[in-house]
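What follows is a report on the fold, the sheet, the nonpolar cores and the cysteines of one protein. Please keep the sequence and the structure in view while reading.

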Amino acid sequence: MAARIDHLVTSGTFALDGGEWDVDNNVWIVGDDTEAVVIDAAHDAAAIEAALGGRTLRAIICTHAHNDHIDAAPALADATGAPILLHPDDLPLWKQTHPDRAPDGALADGQELEVAGTRLTVLHTPGHAPGAVCLHAPELGTVFTGDTLFQGGPGATGRSFSHFPTIIDSIRDRLLALPPETAVRTGHGDSTTIGAEAPQLEDWIARGH
């Protein structure tokens, strides 16, 4: 059976730079009836484990290390035995949330992960966070963008470890190069497509960010 994408929304708190905000996070599960990976283990390990429905969890992939995307990762890893994978540039952020538990493996630009016969290619897209990544699944016509690109524009860059010109460069160089029909499955909110977001993004790029 071909890989499919399951979607779960979990709720909790995003905390950074002394502030806290209530947030709803998208958790994406990619796999078939026997195995899967989780993209961003947010807030509720028990709910994510239930959504797996007994499938073998091959990896917990972190698009970045803001606490709302990784707070449930250690508990989910402990429950399933799956490794936590994170780009090493986000280790300083990770340690703010989990100082006594390191990730199990590193993500690298161009790395290919496979689950249920489907490839997920890691695209390093810094800007929202230094180690932010997107995951391109061409067979599924999808890119999982975490908080790098949303419906309506780039992710926030107003807090520590973030940089607006860098996120625009990442989107221009890595995401706008994808086919326009590619579905953009985001870390928060509704999905969109590369083509739907391209005109506004290209305008920003043309104006020098």
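## Strand pairing and the open sheet

Val9 stands opposite Asn26 in β2, where strands, like helices, are DSSP runs numbered from the N terminus (strands E, at least two residues; helices H or I, at least four). This is a predicted model, in which local features need pLDDT of at least 70 and side-chain atom pairs count only at pLDDT 80 or more, while totals for chains, interfaces and linings use all residues. Residues are numbered from 1 along each chain as its sequence is written, and side-chain values use heavy atoms, with hydrogens and water left out.

β1 and β2 run antiparallel and are joined by 13 bridges; two strands count as paired if DSSP finds at least two bridges between them. Two residues lie between the strands of this hairpin, and Asp17 takes a positive phi near 55° there. The wider arrangement is an open sheet of six strands in the order β1-β2-β3-β4-β5-β6, with mixed pairing. Because β1 and β6 (105-106) each have a single partner strand, they stand at the edges, and one side of each is left without a neighbour in the sheet. β5 and β6 run parallel and are joined by two bridges, and Leu85 stands opposite Gly105 in β6.

## Overall dimensions

The protein has six helices and 14 strands, and its C-alpha trace spans about 50 × 45 × 30 Å along the principal axes. Its radius of gyration is 16 Å, which agrees with the value near 17 Å for a compact globule of 209 residues; the radius is taken over C-alpha atoms, and the globule rule is 2.2 Å times the number of residues to the power 0.38. Of the 209 residues, 52% count as buried, meaning under 20% relative accessible area, with exposed over 50% and partly exposed in between (1.4 Å probe, protein chains only).

## Nonpolar cores

A nonpolar core is a set of buried Ala, Val, Leu, Ile, Met, Phe, Trp, Tyr and Cys residues joined through side-chain atoms within 4.5 Å. The largest has 29 residues, of which Val38, Ala41, Ile60, Leu76 and Trp94 touch the most other members. Among the elements that give two or more residues to this core are β1 (4-16), β2 (19-31), α3 (73-80) and α4 (91-97). Another core, of 18 residues, lies apart from it and includes Ile39, Leu120, Val122 and Ala137.

Beyond its neighbours within four places in sequence, Trp94 is in contact (heavy atoms within 4.5 Å) with residues including Cys62, Ile84 and Pro103. Thr121, in strand β8 (residues 118-124), touches Gly110, Gln111, Glu112, Cys134, Leu135 and His136, not counting residues up to four places away in sequence. Thr121 is buried, with a relative accessible area of 15%.

## Cysteines

With a disulfide defined as a pair of cysteine sulfur atoms within 2.5 Å, the count comes to zero. The table sets out the two cysteines considered here, neither of which is in a disulfide.

| Cysteine | Nearest cysteine sulfur | Distance | Relative accessible area |
|---|---|---|---|
| Cys62 | Cys134 | 14 Å | 0%, buried |
| Cys134 | Cys62 | 14 Å | 0%, buried |
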